[in-house]
Amino acid sequence: MKDPRQDTHPRMRPFRFAVFALAALVVLSLGFVLIPAEKPAPAEPPFPERARAAALSEALDLRAAAMELASAGPADPTVLDEVVTLLTIQARALLSPAPESAPASPQSSPPASSIAGPHNAAELVQALADSGTARVKDAETADGGMARLLAGTGTAQLLAAGRLAAAAGLPVPQGTAGWDEEGNGAAATASACPSASAPATAQEATGPGTPAGTRQALAGALTAEQQAAYGYQAALPRLAPALAGPASEFLGRHKELAVAAEKRLRLACGGSVPQQPGYVLDPGFLAAPAAGLGKLETATVAAYGDVVAVSQGQDRRWALSALQSAAARALRWGADPGPVPGLTLDAGKLPALPAGAGLPAGDGPTPSPAAS
């Protein structure tokens, strides 16, 4: 007599196989659910943000080095204190990714500072010059508002390197003199516009990066150059002999820059800006022509800051060089081009640096109230 269990065994095999397969599928699916997927690598920040972060980090490092040198008690710490103040304001401005379009956020955190910076005046001078050169180079390709911020930051650092070198009796690093830069616009290229004298239409946008915006800024720079040349011509007979030589040289530069601005405006399809027979000078200009020339130079600094912010390519590189030259000439006449030449800043509205940001190891001097 056959065992009934042997009769049913073959019919159970497919059922058991299905059960085991279903169990294995459940286990595998639970395993896939429980194992978290790898997070994708964070996207690299855009170039303007990387340039801003690098500028902020270097400003904090240089600030810490300047504070440490000032605390060592040099014979004349005045210039070092000015450098600390300058770098503090610049770092506060660089905390905000968009200083021209939105208020800076006090919650912004600067990158960690290495504090492994210069250890003497000569090294600080070179570090300031290197940082300034890098900032101006980054300004060539950054977005408009960030380009203006980087250009002004770099220009001020280059000028600070020159002042510190002169105060310490050190050689002035190449490229920090400013007015030795070429600004004749010889590299301007041909325009593709059909009519070089065609003005912008009323409906054409005039914002940053638009051809109409560039034309408007170039026209402003041309007007500033024409007014500066007029002022120098009025001031030359009234300047002391020691100042007449540099003033005559600067007058020639302004005439060259006016020609270059007019050429670039023409190539950008802009209309001509007629030369005025005269300009209204500030009261007291003739009595104190050197101070008046300083004010005229600061006006050209602002005009070139506008060109940097709205232009691209060769026009921007030309404006960067002209901005540096104008800031150096303003300083030559005793005017202050500001902590970020070409950009108007209200230091009272900038965010304060986080506690301990960029401080040197050990005790250091406390920045002045204007710098905190």
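## Helix packing in a predicted model

The crossing of helices α7 and α9 is left-handed. The model is predicted. Helix α7 covers residues 241-267 and helix α9 covers residues 313-332; their axes lie 12 Å apart and make an angle of about 160°. An angle over 145 degrees counts as roughly antiparallel, so α7 is roughly antiparallel to α9. On the α7 side, the contact is formed by L243, P246, F250, R253, H254, L257, A260, A261 and R264. On the α9 side, Q314, D315, W318, A322, R329 and R332 take part. By class, the residues of this contact are eight nonpolar, two polar and five charged.

Three helix pairs are set out below.

| Helix pair | Angle between axes | Axis distance |
|---|---|---|
| α7 and α9 | about 160° | 12 Å apart |
| α5 and α8 | roughly 135° | within 7 Å |
| α3 and α5 | roughly 170° | within 10 Å |

Helix α5 (residues 144-168) appears in two of these rows. With helix α8 (residues 289-310), α5 makes a crossing of roughly 135°, and the two helices are therefore oblique to each other. The crossing of α5 and α8 is right-handed. Here G144, A147, R148 and A151 of α5 touch G305, D306, V308 and A309 of α8. The contact of α5 with α8 holds four nonpolar, two polar and two charged residues.

The other partner of α5 in the table is helix α3 (residues 78-94), with axes that cross at roughly 170°. That angle makes α3 roughly antiparallel to α5. Helix α3 brings V79, L80, E82, V83, L86, L87, Q90, A93 and L94 to the contact. Helix α5 brings L149, G152, T153, A156, Q157, A160, R163, L164 and A167. Sorted by class, the contact of α3 with α5 has twelve nonpolar, four polar and two charged residues.

Aromatic rings are the next topic. Counting ring centres within 6.5 Å, the model has five aromatic pairs. One of them joins Y232 and F250, whose ring centres are 6.5 Å apart; their planes stand at 90°, so the pair is edge-to-face. Y232 belongs to helix α6 (residues 211-235) and F250 to helix α7, so the pair links parts that are 18 residues apart in sequence. F250 is also among the α7 residues in the contact with α9.

Helix α2 (residues 47-71) allows a check of length. At 1.5 Å a residue, its 25 residues should span 36 Å, and the C-alpha atoms at its ends are 36 Å apart, which agrees. Just after α2, G73 has a positive phi of about 80°.

Conventions:
Residues numbered from 1 in each chain as written. Predicted model: local features only at pLDDT ≥ 70, side-chain atom pairs only at ≥ 80, totals over all residues. Heavy atoms only, no water. Axes fitted to C-alpha atoms, helices over the stretch in contact; angles between N-to-C directions. Helix = DSSP H or I, 4+ residues; strand = E, 2+ residues; numbered from the N terminus. Parallel < 35°, antiparallel > 145°, perpendicular 65-115°, else oblique. Left-handed = near helix turned anticlockwise from the far one by under 90°. Contact = heavy atoms within 4.5 Å. Nonpolar A, V, L, I, M, F, W, Y, C, P; charged D, E, K, R; others polar. Expected span 1.5 Å × (residues − 1). Phe/Tyr/Trp six-rings, centres within 6.5 Å; stacked < 30°, edge-to-face > 60°.
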